[in-house]
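This report describes the fold, the nonpolar interior, the aromatic contacts and some backbone details of one protein. Please read it alongside the sequence and the structure.

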Amino acid sequence: MPSQQKKVIFCTAGVLSFVCALGVVTALGTPLWVKATFLCKTGALLVNASGQELEKFMGEIQYGLFHGEGVRQCGLGARPFRFSFFPNLLKAVPVSIHVNVILFSMILVVLTMVGAAFFLYNAFGKPFETLHGPLGLYLLSFISAPYNQEIPVPTSCCSLPSVAGSCGCLVMVLFASEVKIHHLSEKIANYNEGTYAYKTQSEKYTTSFWVVFMCFFVHFLNGLLIRLAGFQFPFAKSKDSETTNVAADLMY
């Protein structure tokens, strides 16, 4: 492929990675990950509410990774409330899963920014000539994996989308398990509520969660763009290398 087309492909991948990183950073600080509705079971049972009467006992909540807000209703009017996970809800939520979601989100941001830098550097610089040598080997080993001492930076660009994409997938899976399996919305609604009991009625993922999903999809797309540029994936071996290995084995 002509070098001009490679520049366009690497620039496109770099810009997409940079936009993804900014999107995930923004998503981390917003309470727009989940929106849920919940029913005040205690109040509804006391008055034997049914049909449209249940609307007076329906509350809603919206939250992210650090804070959120909602409204409780038990037939006596709306009661707005705000909360933060640290330190208010540490005893009510699965802390290990929640911390891992935040940790992998930060790793996703870092890897995406590093990937964007590599893409742009491959587009406008000469990374093989500049980074070839001990320093380049240590850098590539740290970013991707120790494959071969002749690996240029484009191979690291092949590895980074898969690693960052895996982090994005882990963020979504862990957060979904925290919400669905551990009933996160219900635990938040019932936090510090000794009199009334609440039951989750509906949950849906909102903007910030889908930003992470789009970031995961963009990393997959970047991997295809790298392959389109003519670079093999890290674990793909060419026929020439296989022939050389066979010849070396026959010699010994």
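In this predicted model, the order of elements from the N terminus is α-β-α-β-β-β-α-α-α-α-α-β-α-α. That gives nine helices and five strands. The protein has 252 residues, and 39% of them are buried. Among contacts with a separation of 6 or more, 69% join residues 24 or more positions apart. The accessible surface is about 14100 Å², with carbon and sulfur atoms contributing 65% of it.

Helix 1 has 26 residues, which at 1.5 Å a residue should span 38 Å; the end C-alpha atoms of helix 1 are 37 Å apart, so the two values agree. Buried positions in helix 1 include I9, F10, C11, A13 and G14, and further along S17, C20, A21, V24, A27 and L28.

**Nonpolar cores**

The largest nonpolar core contains 43 residues, and the members with the most contacts inside it are W33, I61, Y63, F83, F85, F175 and I188. Two or more residues of this core come from each of helix 1, strand 1, strand 2, strand 4, helix 3, helix 6 (153-180), helix 7 (184-189) and helix 8. Separate from it is a second core of five residues, among them F10, C11, A13 and F119.

What does W33 touch, leaving aside residues up to four places away in sequence? Its contacts are A27, Y63, G64, L65, V171, F175, K204, Y205, T206, S208, F209 and V212.

**Aromatic contacts**

There are 13 aromatic pairs in the structure. In one of them, the ring centres of W33 and F209 are 6.5 Å apart and the planes meet at 75°, so this pair is edge-to-face. W33 sits in the loop between helix 1 (3-28) and strand 1 (34-40), while F209 belongs to helix 8 (residues 207-228), so the pair ties together parts that are 176 residues apart in sequence. W33 and F209 are both buried.

Another pair is F66 with F86: the centres are 6.2 Å apart and the planes are at 50°, so the pair is tilted. F66 is in the loop between strand 2 (58-63) and strand 3 (67-73), and F86 is in the loop between strand 4 (78-84) and helix 3 (95-124), so this pair ties together parts 20 residues apart in sequence. F66 is partly exposed, with a relative accessible area of 30%, and F86 is also partly exposed, at 34% relative accessibility.

W33 and F209 also belong to one aromatic cluster with F175, Y205, W210 and F213. Elsewhere, R72 lies over the face of F81, 3.9 Å from the ring centre.

**Backbone details**

Most residues other than glycine have a negative phi, and most peptide bonds are trans. The peptide bond between F86 and P87 is cis, with omega about 5°. P87 is in the loop between strand 4 and helix 3. Two asparagines have a positive phi, N48 and N192; the table lists their values.

| Residue | Phi | Loop | Relative accessibility |
|---|---|---|---|
| N48 | near 55° | between helix 2 (41-47) and strand 2 | 64%, exposed |
| N192 | near 60° | between helix 7 and strand 5 (198-205) | 65%, exposed |

Technical notes. Residues numbered from 1 in each chain as written. Predicted model: local features only at pLDDT ≥ 70, side-chain atom pairs only at ≥ 80, totals over all residues. Heavy atoms only, no water. Phe/Tyr/Trp six-rings, centres within 6.5 Å; stacked < 30°, edge-to-face > 60°. Helix = DSSP H or I, 4+ residues; strand = E, 2+ residues; numbered from the N terminus. Buried < 20%, exposed > 50% of the residue type's maximum accessible area, 1.4 Å probe, protein only. Lys NZ or Arg CZ within 6 Å of the ring centre and 35° of its normal. Core = buried A, V, L, I, M, F, W, Y, C linked by side-chain atoms within 4.5 Å. Contact = heavy atoms within 4.5 Å. Areas by Shrake-Rupley, 256 points an atom, 1.4 Å probe, with all protein chains shown as cover. Expected span 1.5 Å × (residues − 1).
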